[in-house]
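Hi,

Here is the structure I promised to pass on. Have a look at it first, and then read my notes below.

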Amino acid sequence: MTDTPTEPLKRTPLHAAHLRAGARMVPFGGWDMPVQYSGLKAEHEAVRKGAGVFDVSHMGEFRVTGPGALAFLQSVTTNDVSKLKPGRAQYNWLPGVQGGLVDDIYIYMVRDGEYLMVVNASNIAKDWAHLSAHTAGFEVQLTDESDRWGLLAVQGPKAAELLQPHVDVDLSAKKKNAYFAAKLFGFDVMLARTGYTGEDGFEVFVDASEAETVWDKLLGIGLTPAGLGARDTLRLEAGFPLYGHEFSDTIHPLSSTYSWVVKDKAHVGREHISLAPAHKLIGLKLERVPVREGYPVKVAGQVVGHVTSGTSSPTLGHPIAMALVEAAYATAETFEVEVRGKDHPATRMDLPFYKG
Amino acid sequence: MTNTPSDLKYAASHEWLSADGTVGITDFAQEQLGDVVYVELPEVGRVVEAGETIAVVESVKTASDIYAPASGTVVAVNDALTGSPELVNSAPYEGGWLFKLDVTGEGDLMDAEAYASANG
């Protein structure tokens with residue numbers, strides 16, 4: 001046996017800060033990332049009740065510029081990018097040419113003819129190749145700025161209150177999906193009132209060379225450092241799909257409840273998305289046993305799907321899961337989930353499991 | 001620093017075995033796992049070989065197999081873990097024990113010093 005050669009894990013600009021904070025580091029999508037610091041439950045609770053900060057610098061940023069930027073984005077995404085105004089952000093999908101999603105993304109409009117696209121860390125190379133392959137015929141330029149930016153997610157009901165004394169803009173005037181320049185602790189940053197936890201909060205785009213200083217200052221004003229573990233339990237409670245679990249190159253994206261992301265317009269892969277999905281994404285509640293990705297989901301003993309994400313919900317105090325089931329069973333109320341050869345009862349629970 | 005009592009024997013897979021056949025997971029293991037939310041225990045009367053998967057400890061994030069540190073028969077399980085799985089975190093060597101074996105043969109076990117230095 002020989003070991004498969006692997007690429008060395010990439011490090012965010014905050015790597016040293018994580019080690020200083022005593023983080024447990026794990027490989028994630030090719031990156032060496034903090035999974036937890038003080039403990040997953042404590043970090044989760046800090047974001048639900050106070051405010052936490054996540055290092056999401058591993059995510060990718062592409063700048064899309066040129067007179068054809070809008071037309072190009074319209075052709076490679078499902079949502080209507082023409083609805084965006086400068087200083088606003090929009091959740092969107094990159095559909096594939098054979099069904100499924102290349103990625104789910106956020107698009108931030110800077111000004112006419114200039115947009116910033118944020119993509120999932122594990123999809124950076126794939127997205128870049130896909131987008132580059134579809135620029136023909138458009139007056140557009142793509143720039144990979146993934147190494148330029150540190151990205152910090154400040155999330156929780158106290159996020160605005162804690163940040164306000166340290167920024168030069170009135171945060172109360174900035175609604176959800178606002179995207180704006182600010183000085184934070186004197187550093188030039190871009191802030192976006194977006195996030196992935198089900199709570200209010202801001203994503204901070206900061207120059208990579210200044211990311212560590214800003215991170216340390218954020219901890220200094222009372223933000224709890226939170227890792228990928230808490231990020232996953234928070235997003236799951238909020239019912240947010242995660243690429244690689246609820247979305248993939250082969251999962252029909254309309255299996256999720258996000259049909260609003262697809263608008264009636266010409267775009268890559270439209271013929272596949274217009275077909276009705278064979279499976280639907282549902283929420284499940286269990287009494288005691290946590291269920292994990294891949295576990296079979298049954299109705300009356302017959303397998304009708306599988307779990308895509310599962311955890312024990314720190315906020316609700318019982319296990320929750322998302323599962324893809326055959327469309328005909330999506331409205332059933334009771335299921336069983338097979339755990340290590342034994343079936344355990346589960347009931348359907350509307351998404352999101354938790355609404356902040 | 002994690003706690004490694006000197007009167008116990010330890011498996012490389014992080015289970016401890018006491019002289020009376022009681023089995024649990026180590027302080028080091030519970031800390032690595034994080035908050036334990038569910039424990040699946042074996043049935044009393046089950047006969048196991050050392051090294052066999054015998055129980056499962058689930059934290060918020062993951063399910064981890066527990067291996068029998070000795071061969072023998074399961075003679076008791078810790079029912080307190082059904083309602084309070086967090087005992088595995090708070091008292092890994094006392095209230096958080098998993099099951100008891102009528103030991104017929106030990107697996108490849110370490111003393112406290114060897115285990116502690118392997119997981120320093």
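Let me start with the annotated domains of chain A, keeping in mind that this is a predicted model. UniProt, in an unreviewed entry, has "domain: GCVT N-terminal" over residues 14-263 of chain A. That stretch is 23% helix and 31% strand, and the C-alpha atoms at its two ends are 38 Å apart. The unreviewed entry also lists "domain: Aminomethyltransferase C-terminal", for residues 280-355 of chain A. Here the make-up is 0% helix and 57% strand, with 21 Å between the end C-alpha atoms.

Now to where chain A meets chain B. Chain A brings 15 residues to the contact and chain B brings 14. About 1,400 Å² is buried between the two chains, and carbon and sulfur atoms account for 45% of that. Three arginines stand out: Arg288(A), Arg292(A) and Arg340(A) provide 41% of the area chain A buries against chain B, more than any other three residues.

There are also plenty of polar links to look at. I find 13 residue pairs in polar contact across the interface of chain A and chain B, and four salt bridges. On chain A's side, the elements giving two or more residues are α2 (40-49), α7 (228-237) and β16 (302-312). The largest share, three residues, is from α7(A). Sorted by class, chain A's side has four nonpolar, five polar and six charged residues.

A residue worth clicking on is Glu58(B), which sits in strand β6 (residues 53-59) of chain B. Its side chain forms a salt bridge with that of Arg292(A), at 2.7 Å from N to O. The side chain of Glu58(B) also makes a polar contact of 2.9 Å with that of Arg340(A). So is Glu58(B) buried or exposed? Glu58(B) counts as buried because its relative accessible area is 0%, and the cut-off is under 20%. Beyond its close sequence neighbours (within four places), Glu58(B) touches residues of both chains, including Val289(A), Pro290(A), Asp35(B) and Tyr38(B).

Last, a look at α2(A), one of the elements named above for the interface. Its buried residues are Leu40(A), Glu43(A), His44(A), Ala46(A), Val47(A) and Arg48(A). What do the buried residues of α2(A) pack against? Their partners are β2 (31-36), β3 (52-55), β9 (149-155), β13 (224-225) and α7, all of chain A.

Cheers

Methods:
Residues numbered from 1 in each chain as written. Chains lettered and ligands numbered in written order. Predicted model: local features only at pLDDT ≥ 70, side-chain atom pairs only at ≥ 80, totals over all residues. Heavy atoms only, no water. UniProt positions renumbered as here; feature names shortened; annotations may be inferred. Helix = DSSP H or I, 4+ residues; strand = E, 2+ residues; numbered from the N terminus. Contact = heavy atoms within 4.5 Å. Buried area = accessible area lost by both parts, 1.4 Å probe. Polar contact = N/O pair within 3.5 Å; in protein donor to acceptor, adjacent residues only side chain to side chain. Nonpolar A, V, L, I, M, F, W, Y, C, P; charged D, E, K, R; others polar. Buried < 20%, exposed > 50% of the residue type's maximum accessible area, 1.4 Å probe, protein only.
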